[in-house]
Amino acid sequence: MSSQKKMNFQIEAFKHRVVVDPKYAEKTWKILEHAIHEIYNHNASGLSFEELYRNAYNMVLHKFGEKLYSGLVSTMTSHLKDIAMSVEASQGALFLEELDRKWTEHNKALQMIRDILMYMDRTFIPSTHKTPVHELGLNLWRDNIVHTIKIQMRLKDTLLELVQRERGGDVINRGLMRNVVKMLMDLGSSVYQEDFEKPFLVVSADFYRGESQLFIESCDCGEYLKKAEKRLNEEIERVSHYMDAKSEVKITNVVEKEMIESQMNRLVQMENSGLINMLVDDKYEDLGRMYNLFRRVPNGLSLIRDVMTSHIRETGKQLVTDPERLKDPVDFVQRLLDERDKHDKIINLAFNNDKMFQNALNSSFEYFINLNTRSPEFISLFVDDKLRKGLKGVSEEDVEIVLDKVMMLFRYLQEKDIFEKYYKQHLAKRLLSNKSVSEDAERSLILKLKTECGYQFTSKLEGMFTDMKTSDDTMKGFYAAVGHELGDGPTLGVHVLTTGSWPTQSTTTCNLPSEILTVCSKFKSYYLGTHSGRRLTWQTNMGSADIKATFGRGQKHELNVSTYQMCVLMLFNSGDGLSYTEIEQATEIPSLDLKRCLQSLACAKGKNVLRKEPMSKDIGEDDTFYFNDKFASKFYKVKIGTVVAQKESEPEKQETRQRVEEDRKPQIEAAIVRIMKARRVLDHNNIVAEVTKQLQTRFLPNPVVIKKRIESLIEREFLERDKDDRKLYRYLA
């Protein structure tokens, strides 16, 4: 294979100079100028764009770019001046149409010119920092058309007038509006803002200021809000159709300021239709509208919250301090729950479940529930009523709903320990009289209380259930062991209660009938024989009995009575008429309990197995009682309840309060010792604050009581005062 020879090439310059025609630039420009005229005159179809492009290319290449550029400016300017005269001459509604048509034509022409001069646009213009062709075309349109004296004001006034007509209900050509406004936007944001947006916002503010005054004088609150909402939505829609999206915030701010912010106090307070009327009448739609509009303005929602809070507090205060309402505790609590449900529904449906309003509702309820010192007792009575009969036949889900509502009210209580005291008493009565509709519901509520307040709060309540279960097992054991010895005697059912778990009771024992005493002593022997080191005390005031009675004409009934009532009725087996004093001596039942007992046996209509002389509603110490032979009832089993006040009497209330105060002392002392043990040295105010913080889940301790407990701890040498600062305490190990 033969090797190839290397070939060297050399490029040399032309030996002769290329002579350019001295009139080349002028001739070429004339061709291009003619082409621009033809484009503006809609005769571009006959032009060769390739040839025109090459001419423009050559002019730039031969350093005639400046001539080309300045020629372009002057040619376009002269055409635009003619266009301006044509636009100015158009009459009425044709003005915008002519402007829009000429703008569209100018844009098309500009596109063609830019294509022809593309080489200049890419090389000459960047190197000389001149304005690119397209932008130049827009600037020339702005200066020669839009910003001429005759067109500028007329354009602004025409656009604003069309907006105003549309607000008045007229139908306008939105497409034309969009095109013209878009033209202003294309000419630059400053042109759009100065020539349209700013005057539009000023005129709009004046319009809505006047309209809001007109509406506020002639409409109620609900109607006004509907109109304001409608106007706001119209403006948002208007922007979406023919304005810059950035204008939405600005125009909605104008509507909000003039129609909502400036009138919101008057709207909220409006007589017969303002916020309070809406709350009272459950106007969810109007409230929702108010919420959605007011949330758009500063302090709008705070205003609604404050007015709502003061209304709820005032309503709640009237409810908890109305003497009529306090007569029925169950109705009292039900009304609280109804009030809570009502406002919960409003917050949920109208206020978008806003936390601000939920917190306001909670603080309002906490405020007025604690205005009534009997609220803990009444809530416990409500629970008692529900768990005795109110929840009978109710589904598990509905039971849970009721219990959750009770827990909600419980959380508002500042004195939870008082609720615990009453709840324990009521639970004890339910368990001992076997009157609870559902053990599951009882345990569910205790579990909720445990979750809310901790194990310590419910340990004794749980102990009560344990005792009831243990007692059942004990009775089975008792009858298995000694049942054969009892013969036909009375059947005994005993609940053995742990002293610490159950409410403290006075240990006044009445004289039981001899038949009962025999069985009781056998049970006592059996129980103490199986449990060493224990002591039994009979709580006769807490028991019940079923006794069979035969009345006139041999009519037989089974009477369900309390232990006290049984003791009284058994006396009538051996005597027909007995005085109050004889009964009192024979039974040794405490006077107050005996009067209640006799009242229920002799004065209750349809339950009067005894009759008394003289006949009256109240029991007197001179009364005499007789067995009522004529007693009749359509039922075989007759339950005779003891006449008992549903609420505590004033002395009982004072006694309960005293017991609670006594129970609080060790809790306050324990908290003080815990705090001082951790801090070693602390001043008085900080101790009070820390103790309050620690105990507020159970009750709000009184600073005076805290001071007394500190004094007591100093006496017992748990703490000492600082020698120099009397308000400073030290912990003594």
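A salt bridge here is a side-chain nitrogen of Lys or Arg within 4 Å of a carboxyl oxygen of Asp or Glu. Keep that cut-off in mind for what follows; the model is a predicted one.

**Salt bridges**

Searching the whole structure turns up 53 salt bridges. Side chains of opposite charge can pair when their charged atoms come close. Three of the pairs are set out here.

| Acidic residue | Basic residue | N to O distance |
|---|---|---|
| Glu-462 | Lys-450 | 3.3 Å |
| Glu-613 | Arg-611 | 3.4 Å |
| Glu-669 | Arg-716 | 2.6 Å |

Let's start with Glu-462 and Lys-450, whose side chains meet at 3.3 Å, N to O. This pair ties together distant parts of the chain: Glu-462 belongs to helix α22 (residues 455–486) and Lys-450 to helix α21 (residues 439–453), with the two 12 residues apart. Are they buried or exposed? Neither label fits: Glu-462 has 25% relative accessibility, so it counts as partly exposed, and Lys-450, with a relative accessible area of 28%, is partly exposed as well.

Next up is the bridge between Glu-613 and Arg-611, where the closest N and O atoms sit 3.4 Å apart. Glu-613 has a relative accessible area of 40%, which means partly exposed, and Arg-611 also counts as partly exposed, at 36%.

Then there's Glu-669 with Arg-716, at 2.6 Å, N to O. Here too the bridge links distant parts of the chain: Glu-669 lies in helix α27 (residues 650–679), while Arg-716 is in the loop between α29 (703–715) and β8 (719–721), 47 residues apart. What about accessibility at each end? Glu-669 has a relative accessible area of 12%, so it is buried, whereas Arg-716 is partly exposed at 42%.

Some bridges share partners, too: Glu-166, Arg-167, Arg-174, Glu-235, Glu-237 and Arg-238 are joined that way into one network.

**Helices α4 and α6**

Now for some helix packing. Two packed helices are described by the angle between their axes and the distance between the axes. For helix α4 (residues 94–116) and helix α6 (residues 133–146), the axes come within 9 Å and cross at roughly 150 degrees. Angles over 145 degrees count as roughly antiparallel, so α4 and α6 are roughly antiparallel to each other. The crossing of α4 past α6 is right-handed.

Which residues meet in this contact? On the α4 side they are Leu-99, Lys-102, Trp-103, His-106, Asn-107, Leu-110, Ile-113 and Arg-114, and on the α6 side Val-133, His-134, Gly-137, Leu-138, Trp-141 and Ile-145. Sorted by type, the contact residues come out as 8 nonpolar, 4 polar and 2 charged.

Key: Residues are numbered from 1 along each chain as its sequence is written. This is a predicted model: local features need pLDDT of at least 70, side-chain atom pairs count only at pLDDT 80 or more; totals for chains, interfaces and linings use all residues. Side-chain values use heavy atoms; hydrogens and water are left out. Axes are lines fitted to C-alpha atoms, for helices over the stretch in contact, and angles run from 0 to 180 degrees between N-to-C directions. Helices (H or I, at least four residues) and strands (E, at least two) are DSSP runs, numbered from the N terminus. Angles under 35 degrees count as roughly parallel, over 145 as roughly antiparallel, 65 to 115 as roughly perpendicular and the rest as oblique. A crossing is left-handed if the near helix is turned anticlockwise from the far one by less than a right angle, and right-handed if clockwise. Contact means heavy atoms within 4.5 Å. Ala, Val, Leu, Ile, Met, Phe, Trp, Tyr, Cys and Pro count as nonpolar, Asp, Glu, Lys and Arg as charged, and the others, Gly among them, as polar. Buried means under 20% relative accessible area, exposed over 50%, partly exposed in between (1.4 Å probe, protein chains only).
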